[in-house]
Protein chains: 2
Amino acid sequence: MRAMEEKIIAEGTVLPGNILKVGSFLNQQLDVQFLREVGEEIARLFRADGVTKVLTLEASGIAIATLAALSLGVPAVIVKKHASANQSKDVYEAEIASFTHKNTYVAAVAKEYLQASDRVLIVDDFLACGNAIRGLMHMVREAGATLVGCAIAIEKKFQGGGDELRAEGIRVESLAMVDHMTDDSLSFWRP
Amino acid sequence: MRAMEEKIIAEGTVLPGNILKVGSFLNQQLDVQFLREVGEEIARLFRADGVTKVLTLEASGIAIATLAALSLGVPAVIVKKHASANQSKDVYEAEIASFTHKNTYVAAVAKEYLQASDRVLIVDDFLACGNAIRGLMHMVREAGATLVGCAIAIEKKFQGGGDELRAEGIRVESLAMVDHMTDDSLSFWRP
């Protein structure tokens, strides 16, 4: 999606530790009109695949998952990073190591929102090493549901997680793929 | 908003400790088509007020804030509960006590996303004692921005936070106001 690359070039900044900051439009401030287009593009890519649920991880995946689900006409389901008093104890869990936060946490989703009959599209803002996606895939498997694929706003391709998933036969669609990133330059990989 | 009351009656459940669980449509699974109507209703209520930013608190406010911002044609800004490596250190902070989670945390928003010229609409899923709203109001004040009002999906009116804010002259619009709640009954207050 050329518009995503242009947005990253115009507004993104590279921080130490291979962190791409896109807080102005993707995960701190939300450029909602732009993210609506992102949601429509994700829906276009997976329109023919009979998706019944969009699955994402709180918090920064929620906005694009919401807008992708809106365009697909299906519900979104949020995997929680932090236990809540109003969440059921009957959950699918996965331990996820965070690249950005340098920690490991147990994420969970209530079983009632993932059914064996579901065809699940995983949506997230970033894909680096793939740990979060693998955690969500584990939950989809536990539920006996079908994974249709993964839609990612920005893949940091040089970190390898996306290509590992593709090598395993998982369909991963990333709207922008960064293949090189330093403090003063950034380039994209295009298929 | 009668549709919100009907949704709560159809899908909500009351848990011990005055917790209203609406995970099937508002904050675990998202009924995105319904939340789109919620966003449109919030936009209708504040259309004439020159809103320039929608401000919400991660994670459960994000979906309705995104859809309200979409209908209003403005960006949404997310106040973070959890510090992140890609967040600026130059932030407005507030200490917030959580009714649901029985803890206190420091929430923060990067200063660059709240300007003195902004006219801010605070959007959240729940209003109980009003602690989260007051934390966000503190950030709006610190930024020198103008608070236009607060739009809430579900107000637990019997906990008093909404009426305290109204008594201080804050415009609080709640799409459903629960005035009584027990394990087997729930009633709404209507102005």
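This passage describes how chain A and chain B meet in a predicted model.

The interface draws on both chains. In chain A, 39 residues are in contact with chain B, and 39 residues of chain B take part in return. The area buried between the two chains is about 3,500 Å². Carbon and sulfur atoms give 58% of that area.

Polar interactions also link the chains. Two salt bridges are counted between chain A and chain B. One of them joins the side chains of Lys21(A) and Glu112(B), with an N to O distance of 2.8 Å. Twelve residue pairs are in polar contact across the interface, with both residues at pLDDT 80 or more.

Several elements of chain A build the side that touches chain B. Strand 2 (19-21), helix 2 (23-27), strand 3 (29-30) and helix 3 (32-46) each supply at least two residues. Helix 4 (62-72) and strand 5 (76-79) of chain A each do so as well. Helix 4 of chain A gives the most, with six residues. By residue class, this side of chain A holds 19 nonpolar, 14 polar and six charged residues.

Strand pairing also crosses between the chains. Strand 3 of chain A pairs with strand 5 (residues 76-79) of chain B. The pairing is antiparallel and runs over two bridges. Within this arrangement, Leu30(A) stands opposite Ala76(B), a residue in strand 5 of chain B. Strand 3 of chain A thus appears in two roles: it supplies at least two residues to the side that touches chain B, and it pairs with a strand of chain B.

Notes: Residues are numbered from 1 along each chain as its sequence is written. Chains are lettered from A and ligands numbered from 1 in the order in which they are written. This is a predicted model: local features need pLDDT of at least 70, side-chain atom pairs count only at pLDDT 80 or more; totals for chains, interfaces and linings use all residues. Side-chain values use heavy atoms; hydrogens and water are left out. Contact means heavy atoms within 4.5 Å. Buried area is the accessible area (1.4 Å probe) that two parts lose on being put together, summed over both. A salt bridge is a side-chain nitrogen of Lys or Arg within 4 Å of a carboxyl oxygen of Asp or Glu. A polar contact is a pair of N or O atoms within 3.5 Å; within protein, one must be able to donate a hydrogen and the other to accept it, and residues adjacent in sequence count only if both atoms are side-chain atoms. Helices (H or I, at least four residues) and strands (E, at least two) are DSSP runs, numbered from the N terminus. Ala, Val, Leu, Ile, Met, Phe, Trp, Tyr, Cys and Pro count as nonpolar, Asp, Glu, Lys and Arg as charged, and the others, Gly among them, as polar. Two strands pair if DSSP finds at least two bridges between them.
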